[in-house]
Protein chains: 2
Amino acid sequence: MAKHPSHLESHLGYWLRMVSNAVSREYARKVEGQGVTVAEWVLLRALYEVVTAPPSALAERMGMTRGAITKLANRLVAKSLVSRVQNPLDGRGQTLALTPSGKALVPRLARIADHNDAGFFDALPRADRDQLERILRTLARLNHVTDIPVD
Amino acid sequence: MAKHPSHLESHLGYWLRMVSNAVSREYARKVEGQGVTVAEWVLLRALYEVVTAPPSALAERMGMTRGAITKLANRLVAKSLVSRVQNPLDGRGQTLALTPSGKALVPRLARIADHNDAGFFDALPRADRDQLERILRTLARLNHVTDIPVD
DNA sequence: TATTGTTATACTCTATAACTATA
DNA sequence: TATAGTTATAGAGTATAACAATA
């Protein structure tokens, strides 16, 4: 027997958001001391994977507009974590890359993410964690959520 | 064999955020026509479940500050979706509740959420969807993400 | 004094649209 | 004209801290 009106039955997206927000908020708190935000971490991580990319490619990959990337990149350049150099072959193009300190920071942020994940997910049985990761990656792929490591 | 440096191995929280953001962004787009935002939907849904609540209780339940609830509630009161009345027993207290139009709106928003979910999750086998919901609810409970229907 | 709620302030995140420079 | 990127503007979301009224 359903315990709720049918229209409040499931809402996977709602639960996803609740849990995701909690995890991200806690991560934000933990990396505050490293001087970066969650959005910055996402950009740094993406850039770590592709090594160099024009803003437009990151926008595509991260599902954001170019304007949003510009703003994020500006902050990261100001923090000397990202470099922006002009494409010599096309006067319009810019190339973003991690600076040495940016490259050094990513593994530290990743370690913090691992610890943060542990705090939230270690209470789950290992099988559930594996399931969850598999399902999330499947969803990302099926729905063209694009920051997917190319294995 | 690991295909990535160990520090970019998993990051469940990262994937959670990627997928959740995609789902929420699409939902936001769909309910724009109803004149509400995602955060407003969360408050409306919470209020639908508890019927009436002081701002402090919603803040607790939704994991937000009282100030943030005030701001959200102000917008919803301006839209005549929520009412705010003084607690007659305690001059400090306020009680929030859905107005008739608020009450009528929630099922419509819920239906939109269902359709939105379908677009993202129907590509998964039924078993995976059930797993995902179970795991998310478990995580919400274990980590005191508090907007949990009391069954 | 402690508590409830609001207000003031500030910052991140993100989008849209206009603009600039180059192709 | 079309494209890459930046800038301008705006609004949502949220937090912290100060404040007012009440207990």
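## Exercises on a protein–DNA model

Helix 4 of chain B gives the largest share of the surface near DNA strand C, five residues. Here "near" means that a heavy atom of the residue lies within 4 Å of the strand, and helices (H or I, at least four residues) and strands (E, at least two) are DSSP runs numbered from the N terminus.

Before you start: this is a predicted model, where local features need pLDDT of at least 70, side-chain atom pairs count only at pLDDT 80 or more, and totals for chains, interfaces and linings use all residues. Residues are numbered from 1 along each chain, chains are lettered from A and ligands numbered from 1 in written order, and side-chain values use heavy atoms, without hydrogens and water.

**Exercise 1.** Work out which residues come nearest to DNA strand C, and which of its atoms they touch.

*Solution.*
- Step 1: Of the 25 residues around the strand, pick out Lys71(A), Arg75(A), Ser56(B), Arg66(B) and Thr70(B), which come nearest.
- Step 2: Look at the DNA side, where sugar and phosphate make up 63% of the strand C atoms that come within 4 Å of the protein.
- Step 3: Check a base: a polar side-chain atom of Lys71(A) sits 2.3 Å from a base oxygen of DNA strand C.
- Step 4: Now try phosphate oxygens of the strand: one is 2.6 Å from a side-chain N or O atom of Ser56(B), and one is 2.8 Å from such an atom of Arg84(B).

**Exercise 2.** Find where Val51(B) sits and say what its phi looks like.

*Solution.*
- Step 1: Place Val51(B) in the loop between helix 2 (38-50) and strand 1 (52-53) of chain B.
- Step 2: Read off phi, which is near 75°, a positive value in a residue other than glycine.
- Step 3: Recall the usual case: most residues other than glycine have a negative phi.
- Step 4: Add that Val51(B) is exposed, with a relative accessible area of 54% (buried is under 20%, exposed over 50%, partly exposed in between, with a 1.4 Å probe and protein chains only).

**Exercise 3.** Describe how chain B meets chain A.

*Solution.*
- Step 1: Count contacts (heavy atoms within 4.5 Å): 58 residues of chain B touch 58 residues of chain A.
- Step 2: Take the buried area (accessible area, 1.4 Å probe, lost by two parts on being put together, summed over both); it is about 5,800 Å², with 68% from carbon and sulfur atoms.
- Step 3: Look for salt bridges (a side-chain nitrogen of Lys or Arg within 4 Å of a carboxyl oxygen of Asp or Glu): there are two between the chains.
- Step 4: Name a salt bridge: Arg134(A) and Asp128(B) meet at 3.0 Å, N to O.

Definitions and conventions
Polar contact = N/O pair within 3.5 Å; in protein donor to acceptor, adjacent residues only side chain to side chain.
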